[in-house]
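This report considers how two protein chains meet and how a metal ion is held. Please keep the structure in view while reading.

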Amino acid sequence: MSKKIATREAYGEALLQLGRENLDVVALDADLAKSTKTYDFGQNFPERFFDMGVAEQNMIGTAAGLAAAGKIPFCSSFAIFASGRAFEQVRNSVAYTSVNVKIGASHAGITVGEDGGSHASVEDIAIMRVLPNMTVFVPADAVETAGAVRAAAAINGPVYIRLGRSAVPVLHGEDFQFEPGKAVVLREGLDVTIIATGIMVVAALEAVDQLEAKGIRAGVLDIHTIKPIDVDAIVNAARKTGAVVTAEEHSIIGGLGGAVAEALVEHCPVPLKRVGIPDQFGESGTPAELLEKFGLTPGHIVAAVEEVITRKA
Amino acid sequence: MGEIEELQKKAKEIRKHIIKMLGEAGSGHPGGSLSAADIVTTLYFHELRLDPSRPDWPDRDRFVLSKGHAAPVLYAALAERGFFPVEELMTLRKLGSRLQGHPDMRKLPGVEMSTGSLGQGLAAANGMALAGRLDQRDYRVYVMLGDGELDEGMVWEAAMAAAHYQLDHVVAFVDHNGFQIDGPITEVMSPEPVADKWRAFGWHVININGHDFKQILDALAEAKTVKGKPTMIVAETIKGKGVSFMENQVNWHGVAPKPDEVQRALAELG
Ligand SMILES: Cc1ncc(C[n+]2csc(CCOP(=O)(O)OP(=O)(O)O)c2C)c(N)n1
Ligand SMILES: [Mg+2]
């Protein structure tokens with residue numbers, strides 16, 4: 001886990017590779033190609049790359065038309081603009097029509113850092129997962145990102161891929177198989193399960209080590225597919241360990257924590273604690289400072305675990 | 001019969017379908033369906049390269065009804081053109097119907113893009129045009145916008161993009177009937193001067209009377225000669241055209257005729 005790569009970097013590489021293999025793949029960007037990493041695709045396949053300027057709604061709408069005519073468009077911008085500014089275009093032109101549009105949304109969450117709260121999407125998972133027909137991937141590392149891009153191209157329908165700005169450790173080996181909709185059991189636990197997504201998966205693994213020192217045996221479930229969510233894996237883990245902590249770089253409302261709560265309440269109610277961004281917007285700072293301030297460190301997961309297990313029957 | 005007489009006759013049939021379907025449905029949008037009827041008729045019975053038996057033929061021309069609330073005019077034209085049985089028009093807006101309140105590409109063959117949320121159709125048309133160019137297919141893409149719809153910012157994003165990418169196989173119409181829901185466009189939110197705006201955005205602009213078939217045909221022919229630019233045909237139209245008591249009446253934007261009104265309208269249309 002020593003190497004660090006931002007998931008947006010891995011996205012750019014995977015998209016380039018996909019572009020080599022599949023001539024129907026096209027890429028659109030909204031004046032952020034160097035940040036979202038679609039730039040290399042554009043350099044290699046200029047005729048299949050469309051910069052739409054600072055016009056995210058039009059980017060999404062144009063992609064819908066490209067898809068309706070048989071192309072596989074990957075649209076990229078910052079998560080806040082791809083999901084927020086263009087929400088109703090994603091809703092009506094992409095999800096309602098179920099066209100084959102992929103959205104690579106980078107700079108998600110508070111680790112966008114110094115740009116601050118206007119740019120830190122704390123709500124995109126919630127507003128994308130509520131859309132019928134939409135698949136939502138939140139890869140934890142570069143390997144999952146490459147898998148998510150491939151899986152997205154193979155799915156015939158809309159897919160949202162949430163990507164981060166900052167470099168994060170590479171968790172998986174090259175032999176990792178990305179299976180859409182399947183949670184990955186990273187640690188088996190007995191006392192509690194930490195269900196994490198995106199950059200919080202690494203934090204969850206660190207929390208496990210700290211908890212072990214305290215005699216608490218925590219499992220880790222890595223949810224790279226928020227929708228369709230792996231209800232079976234969540235329920236099995238809850239049955240086995242009797243308590244759950246969720247961890248995500250997103251509002252505690254409506255994201256992974258919300259999705260897990262929905263699954264647990266219907267199928268296996270156990271004590272649950274959600275670690276995530278409290279009901280508030282982000283702000284400027286370094287990613288590390290912000291993770292600390294907003295309660296998204298391994299230490300915060302440990303505290304949540306210690307609290308939740310006191311509520312076990 | 002000459003082509004123009006044929007088109008006039010067809011447009012009359014389409015207007016009668018619009019009235020009957022809306023009467024049966026009990027809700028929907030007559031005004032903007034009737035104002036667009038002559039142009040939509042010309043597209044489906046003169047201009048578009050289509051094969052109703054193969055609605056997904058890759059080389060077909062596309063038509064996107066960006067002002068999706070005028071669905072009745074699109075459905076009537078598709079049915080008359082043979083995409084589905086004319087009797088099905090009477091299912092408009094009913095539970096289980098393929099004729100949704102606004103066009104749904106996943107339900108009805110011949111509908112190229114689901115619309116209804118105003119402002120989104122031109123972008124989709126541009127995407128289809130870009131795909132056609134990549135695939136080296138020679139199909140053309142037509143799109144119809146409302147004049148009230150021009151209030152939407154996204155229309156202008158798409159206008160800019162079509163000119164930037166030199167989509168000379170995109171032909172758009174503005175159904176310039178002068179009304180939106182809350183009143184005359186010049187009082188609610190004026191998009192004027194419409195033609196100058198499109199010209200400034202880099203489009204080839206043609207002004208016509210949208211109820212004069214000769215002018216519609218000539219404009220479509222002219223659009224085919226334009227290179228390097230998309231074409232905008234600004235069509236002066238009358239909202240509710242063809243039914244005297246609906247013409248230029250803002251209240252007939254989104255209200256269906258009652259049975260006696262249906263009879264009066266059909267009698268007028270002949
Ligand atoms: C995004 C959006 N906002 C509001 C509406 C509701 N709406 C339906 S028709 C209409 C007015 C449209 O006026 P215009 O484009 O001039 O249509 P026409 O006169 O041709 O019927 C409005 C506001 C909508 N369908 N979509
Ligand atoms: Mg109007």
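Two residues are said to be in contact when heavy atoms of theirs lie within 4.5 Å. In this predicted model, 26 residues of chain A are in contact with 24 residues of chain B.

The size of an interface is often given as the accessible area lost when the parts come together. Between chain A and chain B, about 2,000 Å² is buried, and carbon and sulfur atoms give 59% of that area. On the side of chain A, the residues losing the most area to chain B are Asn58(A), Tyr96(A) and Thr97(A), which together account for 24% of what that side buries.

Polar and charged groups also meet across this interface. The count of residue pairs in polar contact between the two chains is 9, and the rule finds 1 salt bridge. That salt bridge joins Asp135(B) to Lys71(A), with the closest N and O atoms 2.5 Å apart.

Three elements of chain A each supply at least two residues of the side that touches chain B:

| Element of chain A | Residue range |
|---|---|
| Strand E3 | residues 49–51 |
| Helix H4 | residues 56–68 |
| Helix H6 | residues 87–95 |

H4(A) gives the most to this side, with 9 residues. By type, the residues of chain A that touch chain B comprise 10 nonpolar, 10 polar and 6 charged.

Attention now turns to the metal site. The magnesium ion (ligand 2) is coordinated at 2.1 to 2.2 Å by Asp147(B) through OD, Asn177(B) through OD1 and Phe179(B) through O. Along the chain, these donors follow the spacing D-x29-N-x1-F. Both Asn177(B) and Phe179(B) are buried.

Key. Residues are numbered from 1 along each chain as its sequence is written. Chains are lettered from A and ligands numbered from 1 in the order in which they are written. This is a predicted model: local features need pLDDT of at least 70, side-chain atom pairs count only at pLDDT 80 or more; totals for chains, interfaces and linings use all residues. Side-chain values use heavy atoms; hydrogens and water are left out. Donors are N, O and S atoms within 2.8 Å of the metal (3.2 Å for Na, K and Ca); water is not among the atoms, so sites may look incomplete. Buried means under 20% relative accessible area, exposed over 50%, partly exposed in between (1.4 Å probe, protein chains only). Buried area is the accessible area (1.4 Å probe) that two parts lose on being put together, summed over both. A salt bridge is a side-chain nitrogen of Lys or Arg within 4 Å of a carboxyl oxygen of Asp or Glu. A polar contact is a pair of N or O atoms within 3.5 Å; within protein, one must be able to donate a hydrogen and the other to accept it, and residues adjacent in sequence count only if both atoms are side-chain atoms. Helices (H or I, at least four residues) and strands (E, at least two) are DSSP runs, numbered from the N terminus. Ala, Val, Leu, Ile, Met, Phe, Trp, Tyr, Cys and Pro count as nonpolar, Asp, Glu, Lys and Arg as charged, and the others, Gly among them, as polar.
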